[in-house]
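Let us take a walk through this structure together. Have a look at the strands and at how they sit beside one another.

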Amino acid sequence: TKAYLIMREQPWHCFILSFFISAKQLYAHFCDRSGLIITLPTPIQSSPARVADAIATLSLADLSLLGLDPTVHM
(Lines give C-alpha, C1' and ligand atoms only; values in the text may rest on other atoms or scores of the structure.)
Protein backbone atom coordinates (compact mmCIF):
# COMPACT_ATOMS: atom_id res chain seq x y z
CA THR A 1 0.00 0.00 0.00
CA LYS A 2 2.78 2.43 0.86
CA ALA A 3 4.57 1.87 -2.46
CA TYR A 4 1.29 2.44 -4.31
CA LEU A 5 0.69 5.69 -2.46
CA ILE A 6 4.24 6.92 -3.13
CA MET A 7 3.93 6.11 -6.84
CA ARG A 8 0.53 7.80 -6.99
CA GLU A 9 1.56 11.00 -5.21
CA GLN A 10 5.05 11.21 -6.77
CA PRO A 11 4.70 10.16 -10.43
CA TRP A 12 8.38 10.82 -11.17
CA HIS A 13 9.39 7.78 -9.08
CA CYS A 14 10.54 4.90 -11.30
CA PHE A 15 10.97 2.39 -8.49
CA ILE A 16 10.95 1.99 -4.71
CA LEU A 17 13.39 -0.19 -2.77
CA SER A 18 12.64 -1.00 0.84
CA PHE A 19 13.49 -3.54 3.51
CA PHE A 20 11.02 -5.44 5.66
CA ILE A 21 11.89 -7.37 8.81
CA SER A 22 9.53 -10.09 9.99
CA ALA A 23 10.07 -13.08 12.27
CA LYS A 24 13.87 -12.63 12.36
CA GLN A 25 14.01 -12.55 8.54
CA LEU A 26 15.02 -9.67 6.25
CA TYR A 27 13.19 -9.16 2.97
CA ALA A 28 13.93 -6.65 0.23
CA HIS A 29 10.95 -5.23 -1.67
CA PHE A 30 11.45 -3.76 -5.13
CA CYS A 31 8.40 -2.04 -6.55
CA ASP A 32 8.17 -0.39 -9.94
CA ARG A 33 5.31 0.61 -12.23
CA SER A 34 4.80 -2.97 -13.39
CA GLY A 35 4.64 -4.72 -10.03
CA LEU A 36 6.44 -5.89 -6.90
CA ILE A 37 9.33 -8.28 -6.33
CA ILE A 38 10.03 -9.68 -2.86
CA THR A 39 13.33 -11.45 -2.27
CA LEU A 40 13.77 -14.73 -0.49
CA PRO A 41 14.18 -14.23 3.27
CA THR A 42 17.63 -13.68 4.74
CA PRO A 43 17.87 -14.96 8.32
CA ILE A 44 19.10 -12.14 10.54
CA GLN A 45 20.67 -14.29 13.25
CA SER A 46 22.61 -16.68 11.00
CA SER A 47 23.64 -14.06 8.39
CA PRO A 48 24.28 -10.79 10.28
CA ALA A 49 27.00 -9.71 7.84
CA ARG A 50 24.61 -9.91 4.87
CA VAL A 51 21.98 -7.91 6.75
CA ALA A 52 24.54 -5.26 7.75
CA ASP A 53 25.83 -5.08 4.16
CA ALA A 54 22.32 -4.63 2.76
CA ILE A 55 21.42 -1.87 5.22
CA ALA A 56 24.78 -0.11 4.78
CA THR A 57 24.46 -0.24 1.00
CA LEU A 58 21.01 1.32 1.10
CA SER A 59 21.91 3.97 3.65
CA LEU A 60 25.27 4.98 2.08
CA ALA A 61 24.28 4.86 -1.59
CA ASP A 62 23.91 7.96 -3.75
CA LEU A 63 20.31 9.09 -3.25
CA SER A 64 19.75 9.74 -6.95
CA LEU A 65 20.70 6.11 -7.70
CA LEU A 66 17.97 4.99 -5.31
CA GLY A 67 15.41 7.07 -7.19
CA LEU A 68 15.11 9.70 -4.46
CA ASP A 69 14.72 13.39 -5.21
CA PRO A 70 18.12 14.99 -4.45
CA THR A 71 16.46 18.27 -3.47
CA VAL A 72 14.72 16.64 -0.49
CA HIS A 73 16.98 16.25 2.54
CA MET A 74 16.26 13.65 5.21
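The paragraphs below go from the strands to the aromatic rings and then to the surface.

A word on the source: this is a predicted model, in which local features need pLDDT of at least 70 and side-chain atom pairs count only at pLDDT 80 or more, while totals for chains, interfaces and linings use all residues. Residues are numbered from 1 along each chain as its sequence is written, and side-chain values use heavy atoms, with hydrogens and water left out.

Start with strand β1, residues 15-22, and strand β2, residues 25-32, which pair in the antiparallel sense over eight bridges. Strands here are DSSP runs of E with at least two residues, numbered from the N terminus, and two of them pair if DSSP finds at least two bridges between them. To find your place in this pairing, look for Phe-19, whose bridge partner in β2 is Ala-28. The hairpin of β1 and β2 has two residues between the strands, and there Ala-23 takes a positive phi near 50°.

Strand β2 has further neighbours. A hairpin of two residues leads from β2 to β3, and these strands pair in the antiparallel sense over four bridges, with β3 covering residues 35-38. Here Asp-32 has Gly-35 in β3 as its bridge partner. Strand β4, residues 42-43, runs antiparallel to β2 and is joined to it by two bridges. In that pairing, Gln-25 is matched with Pro-43 in β4.

Now for the rings. How many aromatic pairs does a search of the whole structure find? It finds one. The rings of Phe-20 and Tyr-27 have centres 6.3 Å apart and planes at 45°, so the pair is tilted. Rings of Phe, Tyr and Trp (its six-membered ring) pair if their centres lie within 6.5 Å; planes under 30 degrees apart count as stacked, over 60 as edge-to-face and the rest as tilted. Phe-20 also stands opposite Tyr-27 in β2. Phe-20 is partly exposed at a relative accessible area of 43%, and Tyr-27 is partly exposed at 22%. Buried means under 20%, exposed over 50% and partly exposed in between, with a 1.4 Å probe and protein chains only.

Finally, turn to Leu-17 in strand β1. Leu-17 is partly exposed, with a relative accessible area of 35%.
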